[in-house]
Amino acid sequence: METDSVINLLSELVCNISIKDAPLITKEAFEEQKAKLNEYEKEIQVAIFRHAVLLSSPQYYNDIISSYSRVLSHLENCLTEALPDTNGEGSFTVSLQQHTLSAVQRLKLFIDNRFFHTSGTPDSDKPLTREKLKLNIAVSVIATLMSAFVRSGEHVSIKQETAIMRFAVQLFSSKQADEIAFKSFQNHYRMPERAAIAKSIEILKGMIQWLREI
């Protein structure tokens with residue numbers, strides 16, 4: 001099965017289980033969809049591996065692998081936003097959403113570990129390791145600064161907000177946590193807290209002062 005076709009099937013499944021008007025109401029329906037998802041996950045791994053092996057151009061290889069990663073990142077974002085704040089206990093639909101999110105995250109990790117490389121031709125024995133930049137500020141402040149950067153002018157298209165948030169989560173860690181949860185970052189980004197705004201202003205004033213002294 002072609003890789004794009006498999007990812008399209010996964011996208012279709014994500015859309016189906018996200019429809020709140022038609023929730024899963026039986027364990028049988030849940031198990032059926034779960035089994036289908038597990039099958040898709042395996043097929044995607046095999047198809048991506050076969051496709052990558054046949055790509056001889058390093059640039060084309062990087063473009064293709066990056067496109068798969070972007071699709072999965074978009075699916076991950078959609079699922080994260082669709083999940084309710086509660087744990088959804090007793091809901092087969094929410095349980096399947098959580099299972100799907102885990103599958104998508106495993107696929108992203110599969111791509112990152114197996115196919116992303118810093119330079120040169122692909123080498124399956126040297127997966128890219130992404131060391132996060134640890135900042136001595138809270139997650140809420142990082143999110144507020146990112147929000148200010150995007151929303152205060154035309155530095156970057158507001159249509160790329162999700163990509164900016166995902167970039168920050170993947171690149172940074174904070175004094176509070178080595179791993180930043182996307183949903184937490186997103187909440188701080190969209191609704192900055194007063195304390196985070198005050199700290200961000202303090203940081204920006206320091207940056208302005210430094211620039212003036214150059």
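These are my notebook entries on a predicted model of a single chain.

**Entry 1: overall layout**

I started with the secondary structure. I count 8 helices and 2 strands, and reading along the sequence I get α-α-α-α-β-α-α-β-α-α. Of the 214 residues, 37% come out as buried. I also looked at the range of the contacts: among those with a separation of 6 or more, 73% join residues 24 or more positions apart. The chain exposes about 13,200 Å², and carbon and sulfur atoms supply 55% of that.

**Entry 2: the cores**

Next I asked which residues have the most contacts inside the largest nonpolar core. I found I142, M146, F172, I180, F185 and Y189, in a core of 19 residues. Helix 5 (139-151), helix 6 (161-171) and helix 7 (182-190) are the elements that give two or more residues to this core. Helix 5 gives the most, with 6 residues. Another core lies apart from this one; it has 18 residues, and I noted I64, Y68, L101 and F115 among them. As background for myself, nonpolar side chains tend to be buried together in soluble globular proteins.

**Entry 3: helix 5 up close**

Helix 5 deserved its own look. It has 13 residues and reaches 18 Å from first C-alpha to last, close to the 18 Å expected at 1.5 Å a residue. Its buried residues are V139, S140, V141, I142, A143, T144, M146, S147 and V150. What do the buried residues of helix 5 pack against? I find strand 1 (133-135), helix 6, strand 2 (172-174), helix 7 and helix 8 (194-212).

I then listed the contacts of Y189, leaving out residues up to four places away in sequence. Y189 touches A143, M146, S147, V150, R151, E161 and M165.

**Entry 4: salt bridges**

My search of the whole structure gave 4 salt bridges. I wrote up three pairs.

- E161 and R151 form one, with the closest N and O atoms 2.8 Å apart. This pair links distant parts of the chain, E161 in helix 6 and R151 in helix 5, 10 residues apart. E161 counts as buried because its relative accessibility is 14%, under the 20% cut-off. R151 is partly exposed at 44%. Both residues are also on the contact list of Y189.
- R106 and E41 meet through their side chains at 2.9 Å, N to O. R106 sits in helix 4 (residues 92-115) and E41 in helix 2, 65 residues apart, and the pair links distant parts of the chain. Is E41 buried or exposed? At 11% relative accessibility, E41 counts as buried, while R106 is partly exposed at 38%.
- E31 and K27 meet at 3.2 Å, N to O. They are 4 residues apart in helix 2, so about one helical turn separates them. E31 is partly exposed at 34% relative accessible area, and K27 is partly exposed at 47%.

**Entry 5: a nonpolar patch outside**

Last, I checked the surface for nonpolar side chains. F49, V53 and L54 form a patch there, with about 340 Å² of accessible area together. V53 lies in helix 2 (residues 27-53). V53 counts as exposed because its relative accessible area is 56%, over the 50% cut-off. Helix 2 also holds E31 and K27, as well as E41.

Technical notes
Residues numbered from 1 in each chain as written. Predicted model: local features only at pLDDT ≥ 70, side-chain atom pairs only at ≥ 80, totals over all residues. Heavy atoms only, no water. Core = buried A, V, L, I, M, F, W, Y, C linked by side-chain atoms within 4.5 Å. Buried < 20%, exposed > 50% of the residue type's maximum accessible area, 1.4 Å probe, protein only. Contact = heavy atoms within 4.5 Å. Patch = residues over 30% accessible without salt bridge, like charges linked within 9 Å, V, L, I, M, F, W, Y side chains within 5 Å. Areas by Shrake-Rupley, 256 points an atom, 1.4 Å probe, with all protein chains shown as cover. Expected span 1.5 Å × (residues − 1).
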